[in-house]
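Please open the model in your viewer and keep the sequence panel beside it. The tour below moves from one selection to the next and says what is found at each stop.

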Amino acid sequence: MNKTITIGDNITFTSDSSRNLTLSFSPDDITNCWSNADRLAGLITDYYHLHSNKECTTIISTVLNELIENAVKYAENKSETVKIDTLKNEDKLLIKISNTLPAERLTPFIDECKKLFHTDLKTLFIKRIESLKKEAPRDSSGGIGLILLKKDYNTGIKFIFYENNDVSYKVSVIAELTLV
């Protein structure tokens, strides 16, 4: 029996092939040129014609860029496909990005995800900044992106972990943005 673990906000993402935009890419395509993450975020924003409000466009691009970069950084295998599904419903944009995670990294990742929903976000942000100061400079770039998405952009976030096999899990991160 395949195990599924869900953590986060109450978000429903229902695929509708007539209204979804689905893209897939190799993490290698991003790691070879990190600005491709920003270009991909811009492509999705352009697709939905979300340029009527500059602030809204910036938020959507920021959220997409963060999710794309995280999917690439934490992908189990850099040559496996990362999939992005997006769906615009009235005043909401739903983003679902999926990749794989090695089974041995599952528990620590789940523990970090739970903190987003069970800890004061300002406190969590300050603690993470303080811990980054203690880490080696090369390790000091991670850990605050999802905190900022929830804290500063009021982004709904949901994590779903699907058991793939004994060595990996498929991870889907769903973000919900209100379009203003």
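In which loop does Asn-154 lie? Select Asn-154 and you will find it in the loop between helix 6 and strand 5 (156-163); please bear in mind throughout that this is a predicted model. With a relative accessible area of 68%, Asn-154 is exposed. Its backbone deserves a look as well, since the phi of Asn-154 is near 50 degrees, a positive value in a residue other than glycine. Most residues other than glycine have a negative phi.

**The whole chain**

Now select the protein chain as a whole and colour it by secondary structure, which comes to 6 helices and 6 strands. Followed along the sequence, these elements appear in the pattern β-β-α-α-α-β-β-α-α-α-β-β. The radius of gyration of the chain is 16 Å, close to the 16 Å that the globule rule gives for 180 residues, so the chain is as compact as a globular protein of that length. Along the principal axes, the C-alpha atoms fill a box of roughly 40 × 40 × 35 Å.

If you switch to a surface view, the protein chain exposes about 10000 Å², of which carbon and sulfur atoms supply 49%. Buried residues make up 42% of the 180 residues. Among the contacts with a separation of 6 or more, 71% are accounted for by residues 24 or more positions apart.

**Strand 2 and Asn-20**

Select next residues 20-25, which form strand 2, and within them Asn-20. Asn-20 has 12% relative accessibility and therefore counts as buried, the cut-off being under 20%. Leaving aside residues up to four places away in sequence, Asn-20 touches Phe-13, Thr-14 and Ser-15, and also Tyr-48, Asp-85, Thr-86 and Leu-87.

**Helix 2**

Move on to residues 35-47, which are helix 2; at 1.5 Å a residue its 13 residues should span 18 Å, and the end C-alpha atoms are indeed 18 Å apart. Show the side chains of Ala-37, Leu-40, Ala-41, Ile-44 and Thr-45, which are the buried residues of this helix. Seen down the axis of helix 2, these buried residues fall within an arc of 140 degrees, so they line one face of the helix. Elements that cover them include strand 2, helix 1 (27-31), helix 3 and strand 3. Just after helix 2, select His-49, which takes a positive phi of about 50 degrees.

**Helix 3 and the loop that follows**

What does Leu-64 touch, not counting residues up to four places away in sequence? Select Leu-64, which is found in helix 3, and display its surroundings: the residues it touches are Ala-41, Ile-44, Thr-45 and Ile-95. Ala-41, Ile-44 and Thr-45 were already met among the buried residues of helix 2. At 1% relative accessibility, Leu-64 itself counts as buried. A distance label drawn from Leu-64 to Lys-96 should read 9.7 Å, C-alpha to C-alpha, for a pair that is 32 residues apart in sequence.

Continue to Glu-76, in the loop between helix 3 (54-73) and strand 3 (82-89). Glu-76 is partly exposed, with a relative accessible area of 31%. Although Glu-76 and Pro-102 are 26 residues apart in sequence, their C-alpha atoms are 5.6 Å apart in space. Beyond residues up to four places away in sequence, Glu-76 touches Thr-100, Leu-101 and Pro-102, together with Val-167 and Ser-168.

**Helix 5**

For the last stop, select residues 121-134, the 14 residues of helix 5, which at 1.5 Å a residue should span 20 Å and whose end C-alpha atoms are 20 Å apart, in agreement. Within helix 5, Leu-121, Leu-124 and Leu-132 are buried. Looking down the axis of helix 5, you will see that its buried residues fall within an arc of 70 degrees, so they line one face of the helix. They pack against helix 4 (106-118) and helix 6 (145-153).

Turn the view to the other side of helix 5, where Lys-122, Lys-127, Lys-133 and Lys-134 are exposed. Finally, select Asp-120, which caps the N-terminal end of helix 5: one of its side-chain oxygens lies 3.3 Å from the backbone nitrogen of Lys-122.

Terms used:
Residues are numbered from 1 along each chain as its sequence is written. This is a predicted model: local features need pLDDT of at least 70, side-chain atom pairs count only at pLDDT 80 or more; totals for chains, interfaces and linings use all residues. Side-chain values use heavy atoms; hydrogens and water are left out. Helices (H or I, at least four residues) and strands (E, at least two) are DSSP runs, numbered from the N terminus. The expected span of a helix is 1.5 Å times one less than its number of residues. Buried means under 20% relative accessible area, exposed over 50%, partly exposed in between (1.4 Å probe, protein chains only). The arc is that of the directions from the helix axis to the C-beta atoms. Contact means heavy atoms within 4.5 Å. A polar contact is a pair of N or O atoms within 3.5 Å; within protein, one must be able to donate a hydrogen and the other to accept it, and residues adjacent in sequence count only if both atoms are side-chain atoms. The radius of gyration is taken over C-alpha atoms; the globule rule is 2.2 Å times the number of residues to the power 0.38. Accessible areas come from the Shrake-Rupley method with a 1.4 Å probe; for residues, only the protein chains shown count as cover.
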